[in-house]
Amino acid sequence: GHLQRVKDEPPLTFPKTLEEFEYTFNEQGQLRHTTTGEAFVFNAREDLHRWNQKRYEALGEIVTQYVYELLEKKCNMTKVILPVDVTEEEPRSFIYLSADAMSNPAKLLVLIQGGGVVRAGQWARRLIINQDLDSGTQIPFITRAKEEGYGVMVLNPNENHLEVERPAKPTPLPSSEASDEPAEKRECKHDRESKKKRDFYEKYRNPQKESETEQIPIRENGSPEEHLLYVWDHFVSNAAARNVFIVAHSYGGLSLVELMCQREAQVKDRVCAVAMTDSVHNIWHQDASKSIQEWLQQHCRNWVSSPEPLDTPVEPMLPDCPRLSAGTERHELTSWRSFNSIFQFFSKALQTGDEYEESSNTVTTRSSHRTKHEHNHDD
């Protein structure tokens, strides 16, 4: 029966669309199997972990494209290519802008995700696949922001390079040291299994890369930090909005502190409030000055994973921005759980900001700064 087993093995190539995968998002935004109606099962093959992982990654790629489509069709966002002066032959990235992102005179919301495989519009791939679109994507933030009169910018900090294939060098056969099993155990296995079956399983557990890949960085967007700085210089700083608001999840918070170290005066002048969710920034490692620390204290909140109820103050570990419980212990859920609190925090910050402007003379300096900006729109 060995040969029979081999024939039934799942293929190493995976579907390119949700339909071919036989999954669909239902009315509630949950991923469900088209015939059984069941949620996605990671361990489709108990015995083939590597294959399950590859299948999951293939689905993740499709989900990424699906979310881009939602940003364009459901949220009416426009894709803008980076770098802005990109040439035909170089690798490129992009961000998404609402129609009024650059022209909205009042408010602009900038969304920055964490690190990893997630792309524009996503907080967590795992949540999109296993829970729903609301918790895993930025779409609820975009929709709510538009209802409340914000222009919106969706960043794409993890799209940093293009992978190009180099013709492969022949791969040496795995040596016995590469296996972490004791030799005796390996040898008796060898006797037990037919060579055919063994080779077959090897292919699935360890699909060799057919070719080597080389990474070409995207110009001026080669890291999340560079990307945020680039988008700040080319978009945010030229946007009309008097008040900029930022939501930064996880590594996004670190990139934001980095931006402050590079553009402190500009950020302070334009940003009204920052909501971080389980941010991994560290003001000491990142050499944030005293003045940056004080600004963060006043204008920033970090909703962190914690067993405490939502919005309960959590002890700060550093003299840093105030920390509040996101009402969940799951890192990737922190943005979704603190959703309402974040928008309330922004409204409040805007009111206090306005009162402050009216009661002080900053009005004149700020408005003159504003007119200065109108002229260099076409830099």
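This report looks at two buried helix residues and at a set of salt bridges in a predicted model.

**Two buried residues**

Let us begin with Trp232, which sits in helix α9, a stretch covering residues 224-234. Its relative accessible area is 2%, so Trp232 counts as buried, the limit being under 20%. What does Trp232 touch, leaving aside residues up to four places away in sequence? The contacts are Ser237, Leu259, Arg263, Gln266, Val267, Arg270 and Val271. One of these partners, Arg263, is 31 residues from Trp232 in sequence, while the C-alpha atoms of Trp232 and Arg263 are 9.1 Å apart in space.

Helix α10 spans residues 251-270 and holds Ser255. Is Ser255 buried or exposed? With a relative accessible area of 2%, Ser255 is buried. Setting aside residues up to four places away in sequence, Ser255 touches Pro224, Glu225 and Leu228. Helix α9 runs over residues 224-234, so these three partners of Ser255 are a good place to look when you follow how Ser255 of helix α10 is covered.

**Salt bridges**

Side chains of opposite charge can pair when their charged atoms come close. In this model the count comes to 12 salt bridges. Three of them are set out here, each with its N to O distance and the relative accessibility of both partners.

| Salt bridge | N to O distance | Acidic partner | Basic partner |
|---|---|---|---|
| Glu61 and Arg125 | 3.8 Å | Glu61, 49% | Arg125, 7% |
| Glu69 and Lys73 | 3.6 Å | Glu69, 41% | Lys73, 63% |
| Glu332 and Arg330 | 3.2 Å | Glu332, 11% | Arg330, 38% |

The side chains of Glu61 and Arg125 meet in a salt bridge. This pair links distant parts of the chain, with Glu61 in helix α3 (residues 49-73) and Arg125 in helix α4 (residues 125-130), 64 residues apart. Glu61 counts as partly exposed, whereas Arg125 is buried.

The bridge between Lys73 and Glu69 stays within one element: both residues lie in helix α3, four residues apart, or about one turn of the helix. Lys73 is exposed because its relative accessibility of 63% is over 50%, and Glu69 is partly exposed.

Glu332 and Arg330 also meet through their side chains. Here Glu332 is buried and Arg330 is partly exposed. Elsewhere, salt bridges that share partners join Asp85, Glu90, Arg219 and Glu220 into one network.

Conventions. Residues are numbered from 1 along each chain as its sequence is written. This is a predicted model: local features need pLDDT of at least 70, side-chain atom pairs count only at pLDDT 80 or more; totals for chains, interfaces and linings use all residues. Side-chain values use heavy atoms; hydrogens and water are left out. Helices (H or I, at least four residues) and strands (E, at least two) are DSSP runs, numbered from the N terminus. Buried means under 20% relative accessible area, exposed over 50%, partly exposed in between (1.4 Å probe, protein chains only). Contact means heavy atoms within 4.5 Å. A salt bridge is a side-chain nitrogen of Lys or Arg within 4 Å of a carboxyl oxygen of Asp or Glu.
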